[in-house]
Amino acid sequence: QPAPAPVAKAEPALRPAQTGGAAVQIGAFSSRAIADAEYAEVQAAFASMASGASKRVEPVERNGQTLYRTAFTGLSREEAERFCTALKASGRSCFVR
């Protein structure tokens with residue numbers, strides 16, 4: 001008898017998950033803990049724009065120091081531009097990748 005097909009776990013979202021190739025980088029931080037905290041803060045403050053996006057924290061070496069690039073990924077270009085514009089309007093820095 002065939003095994004039942006796997007069932008994907010549903011994630012609650014305000015809108016369908018996006019599969020776009022754009023990302024909003026919110027900074028490069030000196031520790032993973034700071035990167036995670038900044039991501040969580042932005043995610044909470046901009047929940048409707050962050051909904052459906054994925055988290056990416058990427059370690060990079062700069063001048064002998066490890067920084068942690070932090071971004072919201074999986075957005076369409078238009079969503080990413082809107083999100084970054086809202087972040088800048090609130091006094092935060094960001095850019096679209």
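Which strands each supply at least two residues of the lining of the largest cavity? In this predicted model, the answer is strand E2 (54–62) and strand E3 (65–75). Before going further into that cavity, it helps to get to know the chain around it.

The protein chain holds three helices and four strands. Walking along the sequence, one meets them in the order β-α-α-β-β-α-β. The chain has 97 residues, and 35% of them are buried.

Now for how the strands sit side by side. Strands E2 and E3 run antiparallel and are joined by nine bridges. One place to spot this pairing is Arg62, which stands opposite Gln65 in E3. The two strands make a hairpin, with two residues between them. In the turn of that hairpin sits Asn63, whose phi is positive, at about 50 degrees.

E3 also has a partner in E1 (22–29). These two strands pair in the antiparallel sense as well, over seven bridges. Two spots are handy for finding this pairing in the structure: Val24 has Phe72 of E3 as its bridge partner, and Phe29 stands opposite Tyr68, again in E3. E1 has a further antiparallel pairing, over two bridges, with strand E4, which covers residues 95–96. There, Gln25 stands opposite Phe95 of E4.

How much of E1 and E3 is tucked away from the surface? For E1, seven of its eight residues are buried, so the strand is largely enclosed by the rest of the structure. E3 tells a similar story: nine of its eleven residues are buried, so E3 too is largely enclosed by the rest of the structure.

With those strands in place, back to the empty space. The count of cavities of 30 Å³ or more comes to one, and the largest cavity holds about 30 Å³ of space. Its lining is made up of Gln25, Arg56, Glu58, Arg69, Thr70, Ala71 and Arg97. Sorted by character, the lining has four charged residues, two polar ones and one nonpolar one. E3 provides the largest share of the lining, namely three residues. One lining residue, Gln25, has already turned up above as the one standing opposite Phe95.

The nonpolar side of the picture comes next. The largest nonpolar core contains 21 residues. Those with the most contacts inside the core are Val24, Ile26, Val42, Phe72, Leu75, Phe83 and Leu87. Two or more residues each come from strand E1, helix H1 (32–45), strand E3 and helix H3 (77–89). Helix H3 gives the most, with five residues. Val24 and Phe72, both on the list of residues with the most contacts, are also the bridge partners that were pointed out between E1 and E3.

Finally, the aromatic rings deserve a look. A pair of aromatic rings is described by the distance of the centres and the angle of the planes. Three aromatic pairs are counted here. In one of them, Phe46 and Phe83 sit 6.2 Å apart from centre to centre, with 50 degrees between the planes, which makes the pair tilted. This pair links distant parts of the chain: Phe46 lies in the loop between H1 and helix H2 (47–50), Phe83 lies in helix H3, and 37 residues separate them. Are these two residues buried or exposed? The cut-off for buried is under 20% relative accessible area. Phe46 has a relative accessibility of 15%, so Phe46 counts as buried. Phe83 comes in at 1%, so Phe83 counts as buried too.

Phe83 takes part in another pair, this time with Phe72. Their ring centres lie 5.1 Å apart and their planes meet at 65 degrees, so the pair is edge-to-face. Because Phe72 belongs to strand E3 and Phe83 to helix H3, the pair ties together parts that are eleven residues apart in sequence. Both Phe72 and Phe83 are buried. The wider group takes in Tyr39 as well: Tyr39, Phe46, Phe72 and Phe83 form one aromatic cluster. Two of its members, Phe72 and Phe83, are also listed among the residues with the most contacts in the largest nonpolar core.

Notes: Residues numbered from 1 in each chain as written. Predicted model: local features only at pLDDT ≥ 70, side-chain atom pairs only at ≥ 80, totals over all residues. Heavy atoms only, no water. 1 Å grid on protein atoms, 1.4 Å probe; cavity = no way out; pocket = protein on both sides within 12 Å on 5 of 7 lines; lining within 4 Å. Points joined across faces, edges and corners; volume = space filled by probe spheres on them. Nonpolar A, V, L, I, M, F, W, Y, C, P; charged D, E, K, R; others polar. Core = buried A, V, L, I, M, F, W, Y, C linked by side-chain atoms within 4.5 Å. Buried < 20%, exposed > 50% of the residue type's maximum accessible area, 1.4 Å probe, protein only. Phe/Tyr/Trp six-rings, centres within 6.5 Å; stacked < 30°, edge-to-face > 60°. Pairing = 2+ DSSP bridges.
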